Amino acid sequence: MQMEYRFPRLPELASLKVRVDNTGGQIRTAISGTRSPWVWFIIKTYFHFYGRIGTLAKHKGGSVQTLYLPPIPSPAHARMFETFLSSILLKRIIPLAATIGVTTGCQCKCVHCSAQGRSSLRPGLSLEELKHAVHQCLEFGLTNITFTGGEPLLRNDLEELISRVPPEKAITLVFTNALGLSPERARSLKRAGTFGVHISLDSPDPAAHDSLRGVRGAFEAVEQGVRNALECGLLVGISTYATRQNVLNHQLTDIMELCHRWGVHEVSVFDAISTGALRSQEDLTLNRKARAILLRDSRRLNKKFHNKPRIVTQTWTNTGVGFSRFIGCLAGNWQLHITAQGDLTPCDFTPLSFGNIKSEPLAGLWNKLLRHPAYNHRRVSCRMQDSRFRRQYIDPIPENADLPYPISRLMPE
């Protein structure tokens, strides 16, 4: 499959053309319309990286290199790459992805729940308000719309939201605990246009997973949910998290054994972050030794299983090494989060609000975020794991405050 990428939203790159070809399982590019060595380098570096890591699946002729990006090539990926160039070359920061909380409800009582303390006092966004949020994200240029919760499958009208995302503009993902991912619901999600699902798995041991989730049968639901999603043609990722202890115990090895057997496409390993239910448990967070072990384990396991599935770790994206220097801390850079009540936060792990989409346009709130001294520059490492950032913006949040907390109350913008 071949496609020519043009960049109509970037007048500075009006003459640039990039022909993208994934024929024969390899991604090749031909660049014209620029004499800039820097532009050429960025484009070649980007496609070399995603070509080198290999293809997870095929989707409508495009190659799926990761569940977080549209297939290459595709109209949605052309839009995404335009946004990438805008941020890297022109320093006009537009996020690639939005995670949108559609409910605070959940069947689980996870010991690590990052949403604990989030507002349940204020009314949630209505269906029409959520549709408008999706519309604003698309108009702003975002190319990954991810629905989260709580547990998003508790909303019976979730498919109506998903169907509002044209596949030529963006992909849609759903993060779920899989307790409601029946064969019928999986088919319904697929019909609505869902690109893939990320299913949470906290432990490869069924009893431990159920205990961490506070629900008997939660592990069985994950295994069945993976099967249901794959059978109807959805892409499937497993989402897990790394604590200091489970890294030292090499838990990722057993998780990968399971995911390989189940046929999962990708495994996302998020760092345990001191937020929500873990706000005061900094002993769980990764230290330098644990990060080094996690990086070694992920490289070894990707090689062992030939990237089927592939592991992607937050620890790697925050190293600043190789292509990861273009990624770094996603919050307020490549990603934004909209809570179930409409607050704009830098990411779903950061309990700081820059305003509400019920009263201000999304683009205005994003610009407010970018002007703030905490977010007016790119960061390689995660802000929420930085002691200086936490002392200034997280530690001063009152103990029983309704979250997310307005950042304007902590420091003048």
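Analyst: Two strands pair if DSSP finds at least two bridges between them. Keep that in mind for what follows. This model is predicted.

User: What makes strand 6 and strand 13 a pair?

Analyst: The pairing rule asks for at least two bridges. Strand 6 and strand 13 have 4 bridges, in the parallel sense. The rule is met, so the two strands count as paired. Within this pairing, Ile100 stands opposite Ile338 in strand 13.

User: How many bridges link strand 6 and strand 7, and in which sense?

Analyst: Strand 6 (residues 97–101) and strand 7 share 5 bridges, and the sense is parallel. At least two are needed, so this is a pair too. Thr99 stands opposite Thr146 in strand 7.

User: What sheet do these strands belong to, and what is its order?

Analyst: It is an open sheet of 9 strands. The order is 12-11-10-9-8-7-6-13-14, and the pairing is mixed. Strand 12 (310–313) and strand 14 (344–345) are the edge strands, each paired on one side only. Helix 3 (residues 127–140) packs on this sheet and touches strand 6, strand 7 and strand 13 (335–338). The direction of helix 3 makes about 175° with that of strand 6. Helix 12 (residues 362–371) also packs here, touching strand 13 and strand 14. The direction of helix 12 makes about 120° with that of strand 13.

User: How do you know whether strand 6 is mostly covered or not?

Analyst: Count its buried residues: 5 of 5. Ala97, Thr99 and Gly101 point one way from the strand, while Ala98 and Ile100 point the other way. All are buried.

User: Why is Thr148 called buried?

Analyst: The cut-off for buried is under 20% relative accessible area. Thr148 has 8%, so Thr148 is buried. Thr148 is found in strand 7 (residues 144–148). Setting aside neighbours within four places in sequence, its contacts include Thr99, Ile100, Gly101, Phe175 and His337.

User: What puts Asn228 in the buried or the exposed class?

Analyst: Buried means under 20%, and exposed means over 50%. The relative accessible area of Asn228 is 5%, so Asn228 falls in the buried class. Asn228 lies in helix 7. Beyond neighbours within four places in sequence, Asn228 is in contact with Leu181, Ser182, Pro183 and Ala186. Asn228 and Gly322 are 94 residues apart in sequence and 37 Å apart in space, C-alpha to C-alpha.

User: Why are helix 6 and helix 7 called roughly perpendicular?

Analyst: Roughly perpendicular covers 65 to 115 degrees. The axes of helix 6 (residues 206–213) and helix 7 (residues 218–231) cross at roughly 110° and come within 7 Å. That angle falls inside the range, so the two helices are roughly perpendicular. Helix 6 makes the contact through Pro206, His209, Asp210 and Arg213, and helix 7 through Ala218, Phe219 and Val222. By class, these residues are 4 nonpolar, 1 polar and 2 charged.

User: What makes helix 1 and helix 2 oblique?

Analyst: Over 145 degrees would be roughly antiparallel, and 65 to 115 roughly perpendicular. Helix 1 and helix 2 (residues 75–89) pack at about 130°, with axes 12 Å apart. That value lies in neither range, nor under 35 degrees, so the pair is oblique. The crossing is right-handed. From helix 1, residues including Trp38, Ile42 and Phe47 meet residues of helix 2, among them Met80, Phe84 and Leu89. The contact has 12 nonpolar residues, 1 polar and no charged ones.

User: Where else does helix 1 pack?

Analyst: Helix 1 (residues 37–52) lies across strand 1, strand 2 and strand 3, at about 165° to strand 3. Those 3 strands form an open sheet in the order 1-2-3, with antiparallel pairing.

User: Why do strand 1 and strand 3 count as edges?

Analyst: Each has a single partner strand, so one side of each is left without a neighbour in the sheet. The twist averages 15° from one strand to the next.

User: What shows that strand 2 and strand 3 pair?

Analyst: They have 5 bridges and run antiparallel. With at least two required, they qualify as a pair. Val20 has Thr29 as its bridge partner in strand 3, and Asp21 stands opposite Arg28. The hairpin of strand 2 and strand 3 has 6 residues between the strands, and Gly24 there takes a positive phi near 75°.

Key: Residues numbered from 1 in each chain as written. Predicted model: local features only at pLDDT ≥ 70, side-chain atom pairs only at ≥ 80, totals over all residues. Heavy atoms only, no water. Axes fitted to C-alpha atoms, helices over the stretch in contact; angles between N-to-C directions. Contact = heavy atoms within 4.5 Å. Nonpolar A, V, L, I, M, F, W, Y, C, P; charged D, E, K, R; others polar. Left-handed = near helix turned anticlockwise from the far one by under 90°. Buried < 20%, exposed > 50% of the residue type's maximum accessible area, 1.4 Å probe, protein only.
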